[in-house]
Amino acid sequence: WGSQDGIAIAGVVAKSINGFSGLTNTADVIVNDSSEKGGTALYLGGILGWTYAAETAEISISSCDNSGTVNFNMSGVLRKFGNIFVGGVLGYNPQQVSLQLTECTNSGKITCGKLNSRPSNGDPNCGCKYLGGIVGYLYGNTVVSRCVNSGIVLNDDDNNSTGNSTAPMTGGIVGRARGSSSTARVTLKNNSSIAKDGVYLQ
């Protein structure tokens, strides 16, 4: 699914304004970018790419499992996408969506390749900014509970090395959790290694 707001790709559902339960993905979700076109956001997930809602909404996702590899491979010198959000279950949850994410698991390898060069006339902060074993990026009032990641999370795209103000955020469960309310809370377990630039962090 794609629009001027971004492109969503996933193993089961690319973009959804509805909740769901009991979904399973075993297929690899792989995006290869060798383009030199301008940037837009990419939401990439093993189960769901993007929880989308034009207005305030409440969405519940439960008992979902991903075992496929989720990979964004940046082989080009320039790139098609702007910020990239990659998660084993969910790529991106926006501010207006109150998300309940419970009892979801990931055992697939979550990876992002290294970008050879930044666009000379585009956003220097583009790249794999948010990478998580369960969710790439959480925004808004979110509750994540009883989720387990056992897959390797590897981010080779160190876009902070080009002097950008924001370094990539890579987590065993969530790449970045940004809540506007104190109700956001996380109870989870990460059973695997996190790696950045090929160096594993325990």
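Here are some notes on the predicted model above, point by point.

1. Start with confidence. Mean pLDDT for the chain comes out at 77, with 66% of residues at 70 or more. Two stretches deserve caution. Residues 160-165 stay under 50, and the model gives them ten contacts beyond four places in sequence. Residues 196-202 are also below 50, with 18 contacts in the model beyond near neighbours in sequence. I'd keep those scores in view when looking at either stretch.

2. Now for the sheet with five strands. Its order is β3-β8-β13-β18-β22, the pairing is parallel, and the sheet is open. At the edges sit β3 (13-16) and β22 (174-178), each of which pairs on one side only. From one strand to the next, the twist averages 10°.

3. Within that sheet, have a look at β13 and β18. Strand β13 covers residues 90-93 and β18 covers residues 135-139; they run parallel and are joined by three bridges. To find the spot by eye, look for Y92, which stands opposite Y137 of β18. As background, strands of a sheet pair through backbone hydrogen bonds, either parallel or antiparallel.

4. Next, strand β12, at residues 83-87. Is it enclosed, and why? Four of its five residues are buried, so the rest of the structure largely encloses this strand. Strand β7 (residues 42-45) pairs with β12 in the parallel sense, over four bridges. Strand β17 (residues 127-132) also runs parallel to β12, and five bridges join the two. For landmarks, L44 has V86 of β12 as its bridge partner, while F85 is partnered by Y130 in β17.

5. Which residues touch the most other members of the largest nonpolar core? They are I61, L99, L101, C104, I134 and V135, out of 21 residues in that core. Strands β9 (57-62), β14 (97-102), β18 and β19 (142-149) each supply at least two of the core's residues. So β18 turns up both here and in the parallel sheet of point 2. In general, nonpolar side chains tend to be buried together in soluble globular proteins.

6. L101 is a handy residue to click on. Setting aside neighbours within four places in sequence, L101 is in contact with I61, I134, V135, V143, V144, S145 and C147. Apart from this core lies another, made of 13 residues that include V31, L44, C112 and C128. You met L44 in point 4, as the bridge partner of V86.

Methods:
Residues numbered from 1 in each chain as written. Predicted model: local features only at pLDDT ≥ 70, side-chain atom pairs only at ≥ 80, totals over all residues. Heavy atoms only, no water. Pairing = 2+ DSSP bridges. Axes fitted to C-alpha atoms, helices over the stretch in contact; angles between N-to-C directions. Buried < 20%, exposed > 50% of the residue type's maximum accessible area, 1.4 Å probe, protein only. Core = buried A, V, L, I, M, F, W, Y, C linked by side-chain atoms within 4.5 Å. Contact = heavy atoms within 4.5 Å. pLDDT = per-residue confidence, 0-100.
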